[in-house]
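I wanted to get my bearings in this fold before going back to the bench. Here are my notes, in the order I looked things up.

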Amino acid sequence: MIHRFPVRVYYEDTDMGGIVYHANYLRFIERARSDWVRNLGNDQNAMRDAGLIWVVRRIEADYLAPAKFDEELRIETEVQKVTPARLTMSQQVFRGETELFRAIVTVVCVNAESGAPIRLPAEIRALL
């Protein structure tokens, strides 16, 4: 299942040259992941209240082509691997059919109080 999330490039997303600043791609894919998790039915507020939070453990990113002010982009998120302790997904940013950015993102659950890693809850693994 591929989750698709639209993004428009605003002036605040760009550098002096009118090109999306590199760090903003991470913001775009974070928004897409949050929307994807919400659409799965995973209530992150309830997770936090139960003492669990998602954190990014690793991102491997490739910048392929620039995005510019006022362009409409699409972020696609797809699960690559689920283990008892990790969720790895691919995320790509497109302008039309042109791939601009790609990342492999690994997230884990941690104890909200101690920050210690914990196994992904079974109900979350079942959603994936």
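**Layout.** I counted three helices and six strands in the chain. This is a predicted model, so I'm treating all of it as such. Reading from the N terminus, I get the order β-α-α-β-β-β-β-β-α. The C-alpha atoms fit a box of roughly 45 × 30 × 25 Å along the principal axes. I also checked burial: of the 128 residues, 37% count as buried. For contacts between residues at least 6 apart in sequence, I found that 63% link residues at least 24 apart.

**Core.** Next I went for the nonpolar core. The largest one has 28 residues, and Trp 54, Leu 73, Ile 75 and Val 93 have the most contacts inside it. Strands E1 (2-8), E2, E3, E4 (86-95) and E5 (98-111) each put in at least two residues, and so does helix H1. H1 gives the most to this core, with seven residues.

I then picked Ile 75 and listed what it touches beyond four places in sequence. On the list are His 3, Arg 4, Phe 5 and Val 7, then Phe 28, Ile 29 and Ala 32, and finally Gln 91, Gln 92 and Val 93.

**Cavity.** Which residues line the largest cavity? I got Trp 36, Val 37, Leu 40, Asn 42, Trp 54, Leu 87, Ile 124, Leu 127 and Leu 128. Searching the whole structure turned up one cavity of 30 Å³ or more, and the largest cavity holds about 40 Å³ of space. Helix H1 (24-40) and helix H3 (122-127) each supply at least two lining residues. The largest share, three residues, comes from H1. By class, I have eight nonpolar residues, one polar and no charged in that lining.

**Pocket.** The largest pocket came next, at about 170 Å³. Its lining takes in Glu 30, Arg 33, Ser 34, Trp 36, Val 37, Gln 44, Trp 54, Val 55, Val 56, Leu 87, Met 89 and Val 107. H1, E2 and E4 each supply at least two of the lining residues, and H1 gives the most, with five. I sorted this lining into eight nonpolar, two polar and two charged residues.

**Glu 71.** I wanted to see what this side chain is doing. Glu 71 sits in the loop between strand E2 (52-63) and strand E3 (72-82). A polar atom of the Glu 71 side chain is 2.8 Å from the backbone nitrogen of Lys 68. The side chains of Glu 71 and Arg 95 also share a polar contact, at 3.0 Å. Setting aside residues up to four places away in sequence, I have Glu 71 touching Val 7, Arg 8, Val 9, Pro 66 and Arg 95.

**Ile 53.** Last stop was a residue in strand E2, Ile 53. Is Ile 53 buried, exposed or partly exposed? Its relative accessible area is 29%, so I logged Ile 53 as partly exposed. Buried would need under 20%, and exposed over 50%. Beyond four places in sequence, Ile 53 touches Met 47, Arg 48, Val 108, Cys 109, Val 110 and Ala 112. I also took its separation from Leu 127, which is 74 residues away along the chain: the two C-alpha atoms are 16 Å apart.

Note on methods
Residues numbered from 1 in each chain as written. Predicted model: local features only at pLDDT ≥ 70, side-chain atom pairs only at ≥ 80, totals over all residues. Heavy atoms only, no water. 1 Å grid on protein atoms, 1.4 Å probe; cavity = no way out; pocket = protein on both sides within 12 Å on 5 of 7 lines; lining within 4 Å. Points joined across faces, edges and corners; volume = space filled by probe spheres on them. Helix = DSSP H or I, 4+ residues; strand = E, 2+ residues; numbered from the N terminus. Nonpolar A, V, L, I, M, F, W, Y, C, P; charged D, E, K, R; others polar. Polar contact = N/O pair within 3.5 Å; in protein donor to acceptor, adjacent residues only side chain to side chain. Contact = heavy atoms within 4.5 Å. Core = buried A, V, L, I, M, F, W, Y, C linked by side-chain atoms within 4.5 Å. Buried < 20%, exposed > 50% of the residue type's maximum accessible area, 1.4 Å probe, protein only.
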